[in-house]
Amino acid sequence: MSKTKEYSNGEVTIVWKPNLCIHSTNCIKGLPEVFDMNKRPWINADGSTSDKIINQVRKCPSGALSFYMNTKKQKGEQNMSNVKVDLMENGPILVNGKIELKNSKGEAIPCENTVALCRCGGSKNKPFCDGTHNTNGFKE
Ligand code: SF4
Ligand code: FES
C-alpha cells in the first residue's frame, strides 16, 4: 500500500505520498528552502513560513503533497464541488476536485482531491502517474 510521511513545523503538517509524485519538481523549484532532494529528510518544514509552505503545497499537481493545520486537525486540501480535468502536455491527466475512483472491478481506489492519472501507459503505479512519461518518450 502507499507510504505516507509527515513533516511538521508545529503549526502546519506537510503530508508526503511518494507513490503519487509525478516528479514535476514544482516544489523543489518553488520553495527550495523546504523541498530539497539532496537533503535527508528531503522536506524541512522549518525552512520557511507556514503561509509559503501552504501556498507551495497547493501547487503540487499530483496530490503527492498535501497539508493539514495542526490546530484544526483538518485536511487543508481544497474543498471543491466542481471537478476540473486537465491533460498535461506529454504527461498525465490531472484531476482536481472530489471524485470517486474505481478499478475495472468496480472497487474503490482511495485518492486525494488532486490526482494525476497515467496517460502514457508506462506507470508502475497505475492508475496513478509515477513520472515514467518523462523517460519513455510519451508525446501527446
Ligand atoms: S508532483 Fe508534487 S511532490 Fe512531486 S515533485 Fe511535483 S510538486 Fe513535488
Ligand atoms: S502519464 Fe505519467 S507515468 Fe504515464
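Guide: Start with one cut-off: two residues are in contact if their C-beta atoms, placed from the backbone, lie within 7 Å. The model here is a predicted one.

Visitor: Which residues are in contact with Ile-14, leaving aside its neighbours within four places in sequence?

Guide: Glu-6, Tyr-7, Ile-43, Ala-45, Ile-53, Val-57, Leu-65 and Phe-67. Each is listed because its C-beta atom lies within 7 Å of that of Ile-14.

Visitor: What makes Ile-14 and Leu-65 stand out in the largest nonpolar core?

Guide: They have the most contacts inside that core, which has 25 residues. β2, α2, β3 (65–69), β6 and β9 each give two or more residues to the core. The largest share, four residues, comes from β2.

Visitor: Why is this set called a nonpolar core?

Guide: A nonpolar core takes buried residues of the listed nonpolar types, joined through C-beta atoms within 7 Å. Buried means 20 or more other C-beta atoms within 10 Å. Ile-14 and Leu-65 belong to the core, so both count as buried. In soluble globular proteins, nonpolar side chains tend to be buried together.

Visitor: How do you know where this core lies with respect to domain 1 and domain 2?

Guide: Domain 1 (5–75) and domain 2 (84–134) both give residues to the core, so it lies between them.

Visitor: How far apart are the centres of the two domains, and how many residues does each give to the contact?

Guide: The centres of domain 1 and domain 2, taken over C-alpha atoms, are separated by 20 Å. Domain 1 brings nine residues to the contact and domain 2 brings 14 residues. On the domain 1 side, four are nonpolar, five are polar and none is charged.

Visitor: Why is His-23 called partly exposed?

Guide: Set the count against the limits. His-23 has 16 C-beta neighbours inside 10 Å. Buried needs 20 or more, and exposed needs 12 or fewer. The count of 16 falls in between, so His-23 is partly exposed.

Visitor: And what makes the backbone of His-23 worth a look?

Guide: Its phi is positive, about 60 degrees, although His-23 is not a glycine. Most residues other than glycine have a negative phi. His-23 sits in the loop between β2 (12–16) and α1.

Visitor: Which residues surround ligand 1?

Guide: His-23 is one of them. The others are Cys-21, Ile-22, Ser-24, Thr-25, Asn-26, Cys-27, Cys-60, Pro-61, Ser-62, Ala-64 and Leu-65. By class, seven of the shell are nonpolar, five are polar and none is charged.

Visitor: Why is Asn-90 called partly exposed?

Guide: Asn-90 has 13 other C-beta atoms within 10 Å. The exposed class stops at 12, so 13 puts Asn-90 in the class between exposed and buried. Asn-90 also has a positive phi, of about 55 degrees, in the turn of the hairpin formed by β5 and β6.

Visitor: How do you know that β5 and β6 pair?

Guide: Pairing needs at least two bridges. β5 and β6 have four, in the antiparallel sense, so they pair. In one of these bridges, Asp-86 has Leu-94 of β6 as its partner. The hairpin leaves five residues between the strands. β6 and β9 also pair in the antiparallel sense, over four bridges. There Val-95 stands opposite Val-115 in β9.

Visitor: Where are the cis peptide bonds before Pro-41 and Pro-127?

Guide: One runs from Arg-40 to Pro-41, with omega near -10 degrees. The other runs from Lys-126 to Pro-127, with omega near 10 degrees. Most peptide bonds are trans. Pro-41 lies in the loop between α1 (26–30) and α2 (50–57), and Pro-127 in the segment after β9 (114–117).

Terms used. Residues are numbered from 1 along each chain as its sequence is written. Chains are lettered from A and ligands numbered from 1 in the order in which they are written. This is a predicted model: local features need pLDDT of at least 70, side-chain atom pairs count only at pLDDT 80 or more; totals for chains, interfaces and linings use all residues. A residue is near a molecule or strand if its C-beta atom, placed from the backbone, lies within 6 Å of it. Ala, Val, Leu, Ile, Met, Phe, Trp, Tyr, Cys and Pro count as nonpolar, Asp, Glu, Lys and Arg as charged, and the others, Gly among them, as polar. Domain bounds come from an automatic or database domain assignment.
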